[in-house]
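Q: Please take a close look at one part of this model, the contact between its chains, and describe it in connected prose.

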Amino acid sequence: MSQRDAFLNRIRSRLPQAELPEADSNHPGSFQGYTFAADTPPAVLADRFTQELNALAGQVYSVKTGQEITEIVQQILHKHRTKQLMSWGSNSLEQSQFVAELTTAGFEFVASDLPTTAAERKAQLAALDKIKVGLTGAHGALADTGAIALISGSDRGRLASLLPPVHIALVSQRQLYPSLPAFLTAHPEATTAGSNLVFIAGPSRTGDIEMTLTMGVHGPGELHVILTP
Amino acid sequence: MTVSNVTFYERVEEALHNRQLQTALDISTTRFTAGRKNALAALPEAEALRDHARRIRAHTIAHLDRYLAQFADSLERVGGQVHWAETAEEANQIVADLAVSRNVKNVVKSKSMVSEELHLNHTLEAHGMKVVETDLGEYIAQLAGEKPSHIIAPVIHKTREDVADLFRRKLHATDEDLADVPHMTALARRVLRNEFLQADMGVSGCNFAVAETGSLCLVTNEGNGRLTTTTPRLHVALLGMERLVPTMEDLGVMLQILARSATGQKTSVYTNIITGARRTTAGQPVEPDGPDELHVVIIDNGRSQILGSELAEILYCIRCGACLNACPVYQQIGGHAYNSVYPGPVGSVVTPGLYGLDPWHELPQASTLCGACREVCPVRINIPRMLLKLRAEAAEAGLNPGWLKWGLGLYRQAVVRPGMYHFGSQLTSWISQRAADNGWIKNLPGPLSGWTDHRDFPAPAKKSFSQRWREERK
């Protein structure tokens, strides 16, 4: 018998003796009671999203033009004295003309490509670790928690939102959702499109030493979300 | 599982006299309890969600064979590899074999309760590997050579001075590194970042696994869970066999209540959902980063024993830690006194369930049966029912201490003989009236002092119930 069959048979042999209160043979189905309605107007969602993310020490910028994006990104890079970004491909970014503009202005967009051999991989990771700012798009912004949703893909690496101490994310107002369950309903492909779906709610934080809140322990210590039209 | 020579009562004694621990417990349990309460109160559908979450967990456990098979099939479809381990030894062997065959030298770990059960670090270290815990609290515990003392706040028993001393000794920290908590955290970030860049294998636990998609869900606030599962080329996830939910939609339900119950956050900072290793076509990576291999080790290690029993309901648990913070016993003695991977009310059921009542029969006694654990449990597990069940089993197996058996025997003799009962109660009343101070007994003699060492006992009323009954009826 395979390990799998032995394992599952052991469970089958125990189940008849299991005391499992309220266990129904039918799956309970969808939860019907979510109160933050899916038809909430986008402006309300945007306000709530901003309020929630600000409460988690994340910055939100609502912009109307591509020019504004260029300026904001440039300001953040200037503040951190760098001209380099670890970035998703421009096809996966909203209003991506700023990429061309900044490239012309001498800024460098680096993809987080990792080789498959161990030594090359480590060398590349060490090089990527020197980049101070990461730039990504996002597939959703969740109003009730201030989280953004990112799905990995061919030009959408995980590291751009993880390795650098600063993370800038672009997300369209059209991608605002009331909550995580609402996002999942709208994106049934979220777990099959790529190997990683991550919800990010503010900068990395810890309270492990005396419950003192500290930002940027492993992930980025700064999160800037640019809400585009 | 190894058991220390120090008895449960000695550990409790030590905890109660540790002033620093008492302060830390006061602050943390008060803050977590209030945070949880506020977070759930702010969510109008919280109570209905808890009911629904309970139904999902109950249904899943009742069909665990089916959902595990579905999970394994789904994961294999997206290129993940599934391993089945009945025991801790088998699980350790699987992980060690994977690591050795891939020439792994450096291992990073993100917090995993199951790996504590397995003593996996020990096994990997015996193979000459360097194993580093990366959750800040777990890392501090590892540097100190201690076990975590709380499911979600592993070193709440330590002060910043303790941590500073430790960093000075183990990491050669300078005064500047130790200036304040943010500086200390920054030092740990630098040291651990280097470990992430050098790691050959990342080992993680799972908060949930989704049967329909083969996804794993890991929530962290620090981001170490993401790094552990992204930078190394090999990711091994340890999955306790009961941690399944059927669908992504069900996962959404669980995530709405997990962080709120655990820390009072609306959501953890990172909710990381992993479905297979990084995608490839014709052997070439399509996605830029992420691990090249994903292995999931599904672990029984005593869980099927719990499943086939009256304790099966404890498998509904989603490991939020709310029952620890709410428990008046945990609030006093902290996690270490339980001496188990799983402390608090949930641990007092899980531990004897996994490893047997002998030598863990004292844990179910470490409860006032007040029901706070059941009240705060996001999936409403009836923990007191199972604690009573375990107490009864311990009594039947003759595991209770002699004085308790002797005392209860004497009590039984007395209560079935009215004359003896009246005499006894009058005697007790007479003595206790004299021992009482303003209606409270503060010191009892001999073995009875165990009761009054840490709490006062209300003195009995001057007149007994039967005395008053007789008088009123006149």
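A: This is a predicted model, and the charges of one partner make a convenient start: chain A carries 17 positive and 21 negative side chains, with 7 Å between the centres of the two sets. The accessible surface of chain A amounts to about 9,300 Å², and carbon and sulfur atoms hold 51% of that surface. Within chain A, which has 229 residues, 54% of the residues are buried, and the secondary structure consists of six helices and twelve strands. The C-alpha trace of chain A extends over about 70 × 50 × 40 Å along its principal axes. Of the contacts in chain A with a separation of 6 or more, 74% join residues that are 24 or more positions apart.

Turning to the contact itself, the size of an interface is often given as the accessible area lost when the parts come together. For chain A and chain B, the buried area comes to about 8,200 Å², with 56% of it on carbon and sulfur atoms. On the side of chain A, the residues that lose the most area to chain B are A:Ile209, A:Met211 and A:His218, which together supply 10% of what that side buries. Counted by residues, the contact draws 83 from chain A and 114 from chain B.

Charged pairs also cross this interface, where the rule finds eleven salt bridges. In one salt bridge, the side chain of A:Arg10 meets that of B:Asp300, with 3.0 Å from N to O.

A residue of chain B that reaches across to chain A is B:Leu49, which lies in helix 3 of chain B, residues 46-62. Leaving aside residues up to four places away in sequence, B:Leu49 touches A:Phe31 and A:Tyr34 from chain A, and B:Leu43, B:Val253, B:Gln256 and B:Ile257 from chain B. B:Leu49 counts as buried because its relative accessibility is 0%, where the cut-off for buried is under 20%. The C-alpha atom of B:Leu49 is 15 Å from that of B:Cys317, although 268 residues separate the two along the chain.

Some backbone details of the two chains deserve a careful look as well. A:Glu22, in the loop between helix 1 (3-14) and helix 2 (42-55) of chain A, has a phi near 65°, a positive value in a residue other than glycine, and with 52% relative accessibility A:Glu22 counts as exposed. In chain B, B:His119 likewise is not a glycine and has a positive phi of about 55°; B:His119 sits in the loop between helix 6 (113-118) and helix 7 (120-126), and its relative accessible area of 37% makes it partly exposed. Finally, the peptide bond from B:Asp358 to B:Pro359 is cis, with omega near 15°, and B:Pro359 belongs to helix 17 (residues 357-360) of chain B.

Terms used: Residues numbered from 1 in each chain as written. Chains lettered and ligands numbered in written order. Predicted model: local features only at pLDDT ≥ 70, side-chain atom pairs only at ≥ 80, totals over all residues. Heavy atoms only, no water. Helix = DSSP H or I, 4+ residues; strand = E, 2+ residues; numbered from the N terminus. Buried < 20%, exposed > 50% of the residue type's maximum accessible area, 1.4 Å probe, protein only. Contact = heavy atoms within 4.5 Å. Areas by Shrake-Rupley, 256 points an atom, 1.4 Å probe, with all protein chains shown as cover. Lys, Arg positive; Asp, Glu negative; His and termini not counted. Charge placed at Lys NZ, Arg CZ, Asp CG, Glu CD. Buried area = accessible area lost by both parts, 1.4 Å probe. Salt bridge = Lys/Arg side-chain N within 4 Å of Asp/Glu carboxyl O.
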